[in-house]
Amino acid sequence: VGFAAGRAPEGMRFRALRAMTPAQLEVTWTPCGGEADRTVCLEARDYHLNGSAVLPSVSSPAACVRFVVREDPPPFFVAGLSQTATAVFTIGRMGRFALHAADDNCADEVGIAVAAGSEPLPVDAVLSGGVRHPPAVGREGCVATTSEVTWAPSYKHGGYRKTLCFEARDRPDGCAAGGTGHAVQHCVEVAVRRCVYAVQSQQQLQHVAGIYGLDWMRVWSVNPQVLHPDYLPYSEEGREVMVGHLMSMDSRRETAGSLAQRMGMGLDQLLDLNFGLDMEAPLALGQEVCVVPNSCRGMAKTIQGTIEYQDPGSVAEGVADGTFLPAPGAPEMPGAK
């Protein structure tokens, strides 16, 4: 038994799966943009052998099939799997978050990329190529893709906070190249914890302090859980230490420069600890800043005090070189000038 088809749309394919009764015919077609509904009529024919020749004998009445063409649905990010509101990373530790997209059109290929106009991925962050797989059990869609963002923030990324947007775009299989397909976006707020460092294997406080240009004493002073400065146990989960004090600003009059001066810090050091800190604009009320005060170079009073500086270039009250300053009414230390 064979089959004969009437006029068919371009790209429609016919393949006989079985010639003996009951005969089977497979019809495949991928409509492209602008295609309308089509009706195709087929008839079955049986064939008889006449010596070495095969002659048609009887045909069936035509059976017509109407192919309904629907609009190609756009892909979508899978709720519950990709709806990460904020992805939080820690300096020194590899972190990741996944993006899951699906499409109801089984002939589509879905790709995930950074959306046009989005903040770029931070330095050293990687968006993996999508892996096609069946949809998760109980989830919508016929085809699905998963990509993953991985990143180990550098020591200068503390306080990083940006919104990254990603695009899931379908690429219909079998249609002419050059189409853009459909796209949807999903945005994730990416943040790096401020003042926190994940210790690596074999690292000690001296190593961590050296990364930030600090001395080990100041790092040890903000980590009371570390009982000995020369021994810092490492675990596979990643031991965390503080590399400074997390300070909440309570004045709108302070700038990054004045804060660095008050804390006795270099401005570069303050910027290394606080990604993207504006050097000119006043710090916002309640804004969190990571600081590492230097008791030898910092100001002797807080911003709430009434100190008047004789030398505008000095860092501490009355001195610029860290000379000991006795508290009011306290006796001078021997040798202090």
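**Close-up 1. A cluster of aromatic rings in the predicted model**. Ring pairs join F89, F97, W151, Y160, F166 and F275 into a cluster. A search that covered the whole structure of this predicted model found eight aromatic pairs, and the views that follow show two of them, beginning with the rings of F89 and W151.

**Close-up 2. The ring pair of F89 and W151**. With ring centres 5.4 Å apart and planes at 55°, the pair is tilted, because an angle that is neither under 30 degrees nor over 60 falls into that class. F89 belongs to strand β8 (residues 86-91) and W151 to strand β13 (residues 143-151), so the contact ties together parts that are 62 residues apart in sequence. F89 counts as buried at 2% relative accessibility, and W151 is likewise buried, with a relative accessible area of 1%.

**Close-up 3. The ring pair of W216 and W220 in helix α2**. Both residues lie in helix α2 (residues 216-221), where they are four residues apart, or about one turn of the helix. Their ring centres are 6.0 Å apart and their planes stand at 40°, so this pair is tilted. W216 counts as partly exposed at 31% relative accessibility, and W220 is also partly exposed, with a relative accessible area of 31%.

**Close-up 4. The largest nonpolar core**. This core holds 48 residues, of which F97, F166, L259 and L270 touch the most other members. Strand β15 (residues 183-198) supplies the largest share of the core, namely five residues. Two of the residues named here, F97 and F166, also take part in the cluster of linked rings.

Technical notes:
Residues are numbered from 1 along each chain as its sequence is written. This is a predicted model: local features need pLDDT of at least 70, side-chain atom pairs count only at pLDDT 80 or more; totals for chains, interfaces and linings use all residues. Side-chain values use heavy atoms; hydrogens and water are left out. A nonpolar core is a set of buried Ala, Val, Leu, Ile, Met, Phe, Trp, Tyr and Cys residues joined through side-chain atoms within 4.5 Å. Buried means under 20% relative accessible area, exposed over 50%, partly exposed in between (1.4 Å probe, protein chains only). Helices (H or I, at least four residues) and strands (E, at least two) are DSSP runs, numbered from the N terminus. Rings of Phe, Tyr and Trp (its six-membered ring) pair if their centres lie within 6.5 Å; planes under 30 degrees apart count as stacked, over 60 as edge-to-face and the rest as tilted.
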